[in-house]
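User: Hey, I've got a model open and I'm kind of lost. Can you walk me through it?
Analyst: Sure, here it is.
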Amino acid sequence: MNLDKLMQFIPYLIPVLIIELVLIVIALIDLVKREHTRGPKWLWAIIIILVNFIGPIVYFVVGRKDE
Amino acid sequence: MSTVHVENMTKHYGAVHALDGLDLDVAAGTVYGFLGPNGAGKTTTLRILTGLARPTSGKAQVAGVDVLHAGNALPRKIGHLPEEPAFYTWMTPLEFLDYLGRLYGLSTSARKSRSKELLALVRMEDVSKRRIGGFSRGMRQRLGVAAALIHHPEVLFLDEPASALDPAGRKEVLDLIENLRGQATVVMSTHILADVERVCDMVGIIAKGKMLVQSPREALLERYAVPAFEVEADDRPALANWGESLKRLPWVTSVTSQNGTLRILVKDVKTAKAALLVGAVGAGLVLNRYEEIRPSLEDVFLQLVGSESVS
Amino acid sequence: MNFITVFRKEMLEQGRTYRFLIVAAVFVAFGLSSPALAKFTPELLKAIPGVPGGIQAFFPTPTVADAMGQYIKNMSQFGVLLALLMTMGVVVQEKERGTAAFFLTRPVSRTTFLLAKFASMTVAFVVSLAVAALGCWYYTYILFEPIAWGPFLALNGLMLVVFLVYMALSLLGSTIARSNGIAVGLAFLSLIVIGGIGALPTIGDYFPGRLFSWGASLVLKGTDTAWPALWISLGIILAALLAACLVFRRQEV
């Protein structure tokens, strides 16, 4: 019964997951296109993909370096 | 009447006197070279004349507008190219010029045609839709010139427009400035003498916040010219002997000898011209080279500013 | 007079540099997940194997109050953080890069330059908050019960006022600062002062943070009001913007 409830929960999270996915994709595209970042690129890639939700945002706020 | 008129202007940053009673006058239509060593006060002057900084005291007028109480009148009359023009890196040159055009209230069609015209002038049509973020120093400088010209300014202030560029880029920018002659009054600051010699018809030399001399370029060269001749020959002993004999002549100031070349400073160019070649032949010399030395701005500059301040 | 032109450029910049996207994504994500988490967190905890059955008693059945509580808590934290983060660099970075100098020799007044930035940030926050609120309302409706539109709108309006307080202070800091580091410091100083003092009893009644609890009371049909805090908040916004304009007018860039 508890598992059923859990499965009920999933659909409500889908929009949130989509938002997160969009953020990740846009952050990664920006990362690939950008020539200079603060800190190594591979590290940012890991942060963007692995750190839930906050990763892409931290990248956008501090990771980007203006050319 | 002068287009740019500065009177007894001072600018103090704490104890540092960046400008110390500067006078400056630029006649309409001239390309004015504002020359001085680094730290002489060139950028400070341009920043005041463009309204970015305020002087501690003094008067400044640009195109009939009092810079100190300009309000909105000044920006439409002047164009400014800072030493390191900065752009919004996320824009393209086309978007950037369009944005500037909007700020000056140009119509949509006027913005389009003016942007196209300027991008052609600075030869950037092929990168007009690329992000400025990836541009080189030279490209940014050229785009900066285009940006400064968008509204057909009466007076154009260029701060070291060519100094940081490679020879090819420098030539391009200087050619651009050359082409502006007659369209606008140009005030160009630089510490590179060759650039002034190439494009400017008026020169003002500034050091330690003061104007040392201000004059048409040719007049300046004549006034500060050291009349000199150089004679070169293979037979060094004979050359040296002749040099010694020259020293006794009344119209000769001094004679120096180096590596088979005599440098003769004279008091009277006319007499020297008449006598030198004849004398050399009379002394039995076979000359490799005989030359009247044209003074360069560098000589003038060194005399005025002193050699220690030239990098 | 060039306000619209500069404002358009600011909006475009927010789009191109993804600032708008970040604000919208954070707001909408919390707008949606707050009621959902309020509803399902107890269930999730129960589903964890090994948690003793008796613990269920500690989790009363979640109500609409929990949903609103989550929403206000998340939005207040992340909204204030975003207001600071997104605004603290906007002026100082233009000064550092030299774009400010390039534009102030153009027919753009310094007041226009600042206010266009504030206006465009405000639009980004209003739009993001509106979408987030809509999502939150809908999730609360299907997971709990419908909440009255009027009070819910008022709650979001009050939250927006708090965000604008921090945005205006952050903009002032960015205008005063000569370097990015100082701007960051000033932004967080405003958080410490306004947030810290606001957390104290009695005096906190007059600080912007008080608007969150007022909003919470509104949606939960309470009778609490905090008009002084609202007037003071609006006063801070106006004073900070005015101060920023005055400082910037005298500044050499």
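User: Let's start inside. Which residues touch the most other members of the largest nonpolar core?
Analyst: Phe96(B), Phe27(C), Phe125(C) and Phe152(C) do, in a core of 151 residues. A nonpolar core here is a set of buried Ala, Val, Leu, Ile, Met, Phe, Trp, Tyr and Cys residues joined through side-chain atoms within 4.5 Å. Buried means under 20% relative accessible area, exposed is over 50%, and partly exposed is in between (1.4 Å probe, protein chains only).

User: Which helix gives the largest share of this core?
Analyst: Helix α7 of chain C, residues 149-176, with 16 residues. Helices (H or I, at least four residues) and strands (E, at least two) are DSSP runs, numbered from the N terminus.

User: And what does Phe152(C) touch?
Analyst: Leaving out residues up to four places away in sequence, Phe152(C) touches Met68(C), Tyr71(C), Ala133(C), Cys136(C), Trp137(C), Ile147(C) and Val219(C). Contact means heavy atoms within 4.5 Å.

User: How many residues are in the other core?
Analyst: That one has 28 residues and lies apart from the big one; Met9(B), Leu19(B), Leu22(B) and Val26(B) are among them. In soluble globular proteins, nonpolar side chains tend to be buried together.

User: Before I go on, where does all this come from?
Analyst: It's a predicted model: local features need pLDDT of at least 70, side-chain atom pairs count only at pLDDT 80 or more, and totals for chains, interfaces and linings use all residues. Residues are numbered from 1 along each chain as its sequence is written, chains are lettered from A and ligands numbered from 1 in the order in which they are written, and side-chain values use heavy atoms, with hydrogens and water left out.

User: OK, chain C. What is it built from?
Analyst: Chain C has 10 helices and zero strands. Its C-alpha trace spans about 70 × 40 × 35 Å along the principal axes.

User: How many of its residues are buried?
Analyst: 54% of the 253 residues in chain C. Of its contacts with a separation of 6 or more, 81% are between residues 24 or more positions apart.

User: What about its surface?
Analyst: Chain C exposes about 10500 Å², and carbon and sulfur atoms supply 72% of that. Accessible areas come from the Shrake-Rupley method with a 1.4 Å probe, and for residues only the protein chains shown count as cover.

User: Now chain B. How many helices and strands?
Analyst: Chain B has 11 helices and 14 strands. Its C-alpha atoms fill a box of roughly 75 × 45 × 35 Å, taken along the principal axes. Of its 311 residues, 51% count as buried.

User: And the surface of chain B?
Analyst: About 14000 Å² is accessible, and 52% of it belongs to carbon and sulfur atoms.

User: Where is Asn8(B)?
Analyst: Asn8(B) sits in strand β1 of chain B, residues 2-13. With a relative accessible area of 49%, Asn8(B) is partly exposed. Not counting residues up to four places away in sequence, Asn8(B) touches Gly21(B), Leu22(B), Asp23(B), Ser57(B) and Gly58(B). Leu22(B) came up earlier, as a member of the 28-residue core.

User: What is phi for Asn8(B), positive or negative?
Analyst: Positive, near 45°, in a residue other than glycine. Most residues other than glycine have a negative phi. Lys208(B) has a positive phi too, near 50°.

User: Where's Lys208(B), and is it buried or exposed?
Analyst: Lys208(B) lies in the loop between β9 (202-207) and β10 (210-216) of chain B. Lys208(B) counts as exposed, at 69% relative accessibility.

User: Last one, chain A. What are its elements?
Analyst: Chain A has three helices and zero strands. Its C-alpha atoms fill a box of roughly 55 × 15 × 15 Å along the principal axes.

User: What is its radius of gyration?
Analyst: Chain A has 15 Å, while a compact globule of 67 residues would have a value near 11 Å. The radius is taken over C-alpha atoms, and the globule rule is 2.2 Å times the number of residues to the power 0.38.

User: How many of the residues of chain A count as buried?
Analyst: 33% of the 67 residues. The accessible surface of chain A comes to about 4100 Å², with 74% of it belonging to carbon and sulfur atoms.
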